[in-house]
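Biologist: I'd like a close look at one part of this model, please. Could you take me through the sheet, strand by strand, and then tell me briefly about the other chain?

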Amino acid sequence: MVAGVDGVGPRRLLARAESKNLRAIFAKLREDFKEDFYLDFIAPVDYVEERQFEINYNVWIYSLKTILTVRFRLPREKPAIDTISDLIPSAVSHEQEAYDLMGITFSGNPSLRRGFLVSEEATNGFPLRKEEENKV
Amino acid sequence: MSNSKYLEIPVGPQHPALHEPLLFKVKVEGERIAEITPFTGYNHRGIEKLCENNTFLKDVYLAGRVCGICNVVHTTCYSEGVERIGNIEVPSRARYLRTLLNELERIHSHMLALAVMGELIGFHTLFMLMMRDREPILALKESVAGNRVQADYVMPGGVRKDIDSEKIEKIKKTLEHVEERMRYYEKVFKEDSIITKRLSKVGKLDRPEVSKYGFVGPIARASGVKTDVRYEDPYAAYGEIPFNVITREEGDSWARTLVRISEVFEAINILRYTVDHLPDGPIGPKVPIRKVQAGEAISRVEAQRGQLVYYIVSKGGDKPYRVKIRTPSFNNIMNSPLLFRDANIGDLPVILASLDPCISCMERLVVIQKDGLIETKTVMSLAR
């Protein structure tokens, strides 16, 4: 599922994985750690030169006192990944934010809509994408 | 829930309970809350995007302006993130001074939250008295940083101003006074029968829901989760300072209030330790840090309302490539409909105040609670 886990600093772990494994990874986390972790934040980054989006799921594990980042790469054309909002209810608002600011689709999350930060009419795009540099 | 047995009451956005914009649409059946919908987004300024377009140095000031009352924690979190990327060593005196200002901010923020709680229960005098007793802390903050509220004190690599023995004496004297007053307020919140009746068993949050819904800070701690960045993931000088993480088991509005009161006492102890053990030495680099090497960092600090996170990506140069800010109120308020389950409409303001919401920190979303499920929609989609 995960292509290795690296320590990237004190109390920081980084795992890279393929996006098709996202739900399996979070189901496994829930099974292994139960109530011992929470979803801290989802951070999408636009790597425009590499024509990819990176999306980082960060969970804080209470007992290990560690933040685990699970990192995925998505193609910049029609970026989509599965939702985890049914596995982890707090993911709803994080996914909503990532969709509205960066335009990443979370398949299976029915509540994704535009108009969260700056309306689509005003920017004609997703405001945190790099091509929006001079529009906001 | 479209039938007419429910009455819809808008609460806000010009709020009777808060001095910040937030709209609650509440559907009530008699006195019982059947459905509650918080509408936020009246205060969004796109700071993440602004950070990408400004330099590392200018972003310190942007971070401080995410929220007035938490400006020191925001600048601390941002600066620690930049230091992690650049492997920048912070002198120990500067780390202690950061701790000092962070704890001063925690005291005045918690006192404000407690005062607002008093006001909402109907004790206007309690509000006035607590606000009066909070003022010396703001005066201390001004004497250390130069400003009552917007400190802009923490910079990458250190802090901006030093303190002398005269200021240390002033801090110690003021803390004595504040501690005495807080003992009195602790007694009021613990023993006054009106307060205990208004807050006990109201807005209950169980332990498993804390991790499931990602509640953070005093709200998580009041439900028995021992989580505190200062203890779990130390920053500034917290790794060298002894202090207790306050937790309670009740999980109701009263527990959240008492956690804040106890944290004020802990903050007073931390401050005393800090000024007594303040190391000598420089307080930061002689020249401001303008460029940072390529890299990325997750920086976490314990804000007054819970864990605050900055994720910063640098590709080298003088501007960050990406700055992601996740504020504690984002987690706490987005999932708050859970706490209003079957509550009385009269309990809405106290439950809300027990979360100590900070709307400036939050982002633009709508959350709808329907039959226990949380569904998310945006303002625009509802307007269509």
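**The sheet in chain A**

Modeller: Sure, and keep in mind that this is a predicted model. Let's start inside the sheet: strand 2 (residues 12–17) of chain A is joined to strand 5 (residues 66–75) of chain A by five bridges, and the two run parallel. If you want a spot to click on, try A:Ala15, which sits opposite A:Val70 in strand 5 of chain A.

Now zoom out. That pair belongs to an open sheet of five strands in chain A, ordered 1-2-5-4-3, with mixed pairing. At the edges you'll find strand 1 (2–9) and strand 3 (37–47) of chain A; each has a single partner strand, so one side of each has no neighbour in the sheet. On average, neighbouring strands here are turned by 20 degrees against each other, ignoring direction.

There's a helix to look at too. Helix 2 (residues 91–102) of chain A lies across strand 3 and strand 4 (52–61) of chain A, and runs at about 10 degrees to strand 3 of chain A.

As for the other chain, chain B splits into domain 1 (7–43 + 330–383) and domain 2 (47–322). Where they meet, 18 residues of domain 1 of chain B are in contact with 26 residues of domain 2 of chain B. On the domain 1 side of that contact, helix 12 (328–334) and helix 13 (348–354) of chain B each supply at least two residues. Helix 13 of chain B gives the most, with five residues. By type, the domain 1 residues on that side come out as eleven nonpolar, five polar and two charged.

Definitions and conventions
Residues are numbered from 1 along each chain as its sequence is written. Chains are lettered from A and ligands numbered from 1 in the order in which they are written. This is a predicted model: local features need pLDDT of at least 70, side-chain atom pairs count only at pLDDT 80 or more; totals for chains, interfaces and linings use all residues. Two strands pair if DSSP finds at least two bridges between them. Helices (H or I, at least four residues) and strands (E, at least two) are DSSP runs, numbered from the N terminus. Axes are lines fitted to C-alpha atoms, for helices over the stretch in contact, and angles run from 0 to 180 degrees between N-to-C directions. Two residues are in contact if their C-beta atoms, placed from the backbone, lie within 7 Å. Domain bounds come from an automatic or database domain assignment. Ala, Val, Leu, Ile, Met, Phe, Trp, Tyr, Cys and Pro count as nonpolar, Asp, Glu, Lys and Arg as charged, and the others, Gly among them, as polar.
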